[in-house]
Amino acid sequence: MQTSVTPTHCPYCALQCGMNLTPVPDGDGGSVVEVTERADFPVNRGALCGKGRTAPALLSSRVRLTSPLIRRDGELRPAGWDEALDRIAEGLSRTRTEHGPDACGVFGGGGLTNEKAYTLGKFARVALGTSQIDYNGRFCMSSAAAGGIKAFGLDRGLPFPLEDIPRTGCVVLVGSNLAETMPPALRYLTELKENGGTLIVIDPRRTRTAEQADLHLAPRPGTDLALALGLLHLVVAEGRTDEAYIQERTSGWEEARAAAMAHWPEYVERITGVSVPQLRETVRMFCEPESAMVLTARGPEQQSKGTDTVGAWINLCLATGRAGRPFSGYGCLTGQGNGQGGREHGQKADQLPGYRKLDDPAARRHVAEVWGVDPDSLPGPGRSAYELLDAMGTDIRSLLVMASNPVVSAPRAAHVEERLRSLDFLAVADVVLSETAALADVVLPVTQWAEETGTTTNLEGRVLLRKQAITPPEGIRSDLYVIRELAARLGVEKGFPTDPEEVFEELRRASAGGAADYSGITYRRLAEENGVFWPCPAEEPGGPTGVAAGAGAPAGAGAGAGGVHPGTPRLFLDRFATPDGRARFVAVNHRPPAEEPDEEYPVLLTTGRVVSQYQSGAQTRRVDELNAAAPGPFVELHPRLAERLGVVEGEPLAVVSRRGRAVAPARITTAIRADTVFMPFHWPGEGRANTLTNPALDPVSRMPEFKACAVRVERVAGRGGR
Ligand code: SF4
């Protein structure tokens, strides 16, 4: 057991708050870790939410898996590691022999460290030979990533550090409830206001974050694209464009302008429900200060037009000269702990490490050389997350899942659950027996954050070192061990180290010269510095890799001593990462959600999170303190809708969509639009919100439409209803 204080980071969301862990005796001869404040980490300056504070509870063997499990006679029963690994290799091999390598699927998670995400992508393509790998981060930030790449040539959640937020003039927060998803980040908005800046929150609900706003707009779910277009229309009509900036730093303005001009404010008011005076006030607040930011999150992104919606908000920034300038810009608030890094290093269906494209011959050559394989042996791009899950039981016959719980988190979840049951073989590596693991043929118990070392990349693009603080319990192995052992059993003995630093050294080489270049980052630097922002090439900008300049590194970024690149906290200050250095406007037009309310399903459902649970809840639902604070799902509805239905507070309500039915108690509040109901998505079973959600996909990002679908709300006969 280590005895000293270990500075590390929270296992949950993309803020990756710093914390100290100290082992203390547990009174039974063992030890537990205590979380204490780590004030030196600038992102959270010591503050933690309840999830971070209680994270050590999950290290206890009382709530976690401590032995591999194999299904025998229909039941999952304890087994030895060799037997369990043999069974997985056997299941995958049989599928590969009988149906070809692409019948084997791999499904990763946005919580995996960079080292694990990198190794999982390499395992799929080199050891298994399948193109069918994707991860649950697809459900998180893929629309913002696609929109950012289209406009700027590069996707990094925030192109500036969080510390810039209080220094801007106005923040427009679109579809983010920071007060519940990342409470310590709320202070950046408080400081913004203390400095005289203003906050506009756009959300169909008057959330705790919206309560902090100077102006709250509550559009109908699924209409953020129209809203952004209407604002751009007014910017043009009121002569608030920055023509010199448009000329010097952008392309495609005329087409984008023409599209926006078709969206008259009165038309936008009819679509969104946001009044013309509110639209005008938004434009005034956004345009009057010298600098401003737009920050989007899952609200506008988790739509079947999420990429276009992000593009429309970026257009607004570009037209007003508010991107690639100090304290101005567009950013996405990534959600999952390593949602950013997880998408940069190869577990996404179309990508190779370093944010390289799998269909780019030069990228394939570079990565194949690092991996010591023939570039032609690398499979091409595979299916996106929902498409992969939907193909289970037909084209996909066996699946390996790491750190993901799609039974709760995927859209149309009852269908996904049924598809999982139809697989020939399912293996899951996780910390707990999640709802997905409970369906598996083999389950492997793996180490978690405090028991292992690895890097993550937070929402700012800051690469961080999470250090091991304690020894894992007997019987538990790391994901890297699992991958190495499976690769060996599939005939690939070399190339899958289990030491995270050794993996990171290889990742550095694989990412060198890519958009997300980590080649100048080392464990030593990460231990000494409070994270390093990518791109961080091994040489100074202009050196052999020449990447930082192409990615928009700021002037003077190469001023590090002795040729050490300092990292790139602020992107695009000199140029954007497009071939001509200009940001690209995208011409986009409003279109409705894939499902509009009708007579049978007259209400809109939107989904989201609550402060005391995290994602599918597999971890946080096992923490007593968090369960006490957020014990179960609910249906939030407006008093007018409640009155129409004759519903009282707390009464069980059935919410029915074309995909299924969920039941949860009514929570009546004026904080939501009367045409909309809200459900949090953290719970399985009867109250599972994702039973209802619509898997209609964005054509570019392949993001499902979690944020808007048509439902009807009913009282439940015999349970408070008539
Ligand atoms: Fe952990 Fe996120 Fe809470 Fe910070 S805000 S303590 S990173 S869950």
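What follows walks through some backbone, sheet, aromatic and charge features of a predicted model.

Starting with the backbone, a cis peptide bond turns up between W534 and P535, with omega at about 0 degrees. P535 sits in the loop that runs from strand 21 (532-533) to helix 22 (547-550). The other partner in that bond, W534, also has a charge over its ring: R156 lies over the face of W534, 5.9 Å from the ring centre.

Two arginines have unusual entries on the backbone list. R45 is not a glycine, yet its phi is positive, at about 45 degrees. This residue belongs to the loop between strand 3 (31-36) and helix 1 (50-53), and with 44% relative accessibility R45 counts as partly exposed. R412 is likewise a residue other than glycine with a positive phi, here near 50 degrees. Its setting is the loop between helix 17 (406-409) and helix 18 (413-421). R412 is partly exposed too, at 29% relative accessibility.

Strand 3, which comes before the R45 loop, is part of an open sheet of 3 strands, ordered 1-2-3 and paired antiparallel. Strand 1 and strand 3 are at the edges with a single partner strand each, so each has one side left without a neighbour in the sheet. Ignoring direction, neighbouring strands here are turned by 40 degrees against each other on average. The antiparallel pairing of strand 1 with strand 2 runs over 4 bridges, and P7 stands opposite N20 of strand 2.

Moving on to the aromatic side chains, the structure contains 12 aromatic pairs. One of them brings together Y12 and Y614, whose rings are 5.2 Å apart centre to centre with 55 degrees between the planes, a tilted arrangement. Y12 is in the loop between strand 1 (6-9) and strand 2 (18-25), while Y614 is in the loop between strand 23 (603-608) and helix 23 (624-629), so this pair ties together parts that are 602 residues apart in sequence. Both rings belong to buried residues: Y12 has a relative accessibility of 2%, and Y614 has one of 7%.

F504 and Y523 make another tilted pair, with ring centres 5.3 Å apart and planes at 45 degrees. F504 lies in helix 20 (residues 500-511) and Y523 in helix 21 (residues 523-528), so the parts tied together here are 19 residues apart in sequence. F504 is buried, its relative accessible area being 0%; Y523 is buried as well, at 7%. Elsewhere, F152, F572 and F576 come together in one aromatic cluster. A lysine also makes use of a ring face: K122 lies over F496, at 5.2 Å from the ring centre.

That leaves the salt bridges. Side chains of opposite charge can pair when their charged atoms come close. The count for this model comes to 50 salt bridges. In one of these, R205 is joined to E636, with 3.0 Å between the closest N and O atoms. R205 is in the loop between strand 9 (198-202) and strand 10 (215-217), and E636 is in strand 24 (residues 635-637), so the bridge links parts that are 431 residues apart in sequence. Which side of the 20% limit for buried residues do these two partners fall on? R205 has a relative accessible area of 13% and is therefore buried, and E636 is buried at 7%.

R284 offers another example, in a salt bridge with E288 whose closest N and O atoms are 2.9 Å apart. R284 is partly exposed, with 31% relative accessibility. The side chains of R484 and E485 also meet in a salt bridge, at 2.9 Å from N to O. Here the two partners fall into separate classes: E485 is buried, with a relative accessible area of 14%, whereas R484 is partly exposed at 31%. This bridge does not stand by itself, since R484 and E485 belong to a network of salt bridges that also takes in D82, D86 and R489.

Methods. Residues numbered from 1 in each chain as written. Predicted model: local features only at pLDDT ≥ 70, side-chain atom pairs only at ≥ 80, totals over all residues. Heavy atoms only, no water. Buried < 20%, exposed > 50% of the residue type's maximum accessible area, 1.4 Å probe, protein only. Phe/Tyr/Trp six-rings, centres within 6.5 Å; stacked < 30°, edge-to-face > 60°. Lys NZ or Arg CZ within 6 Å of the ring centre and 35° of its normal. Pairing = 2+ DSSP bridges. Axes fitted to C-alpha atoms, helices over the stretch in contact; angles between N-to-C directions. Salt bridge = Lys/Arg side-chain N within 4 Å of Asp/Glu carboxyl O.
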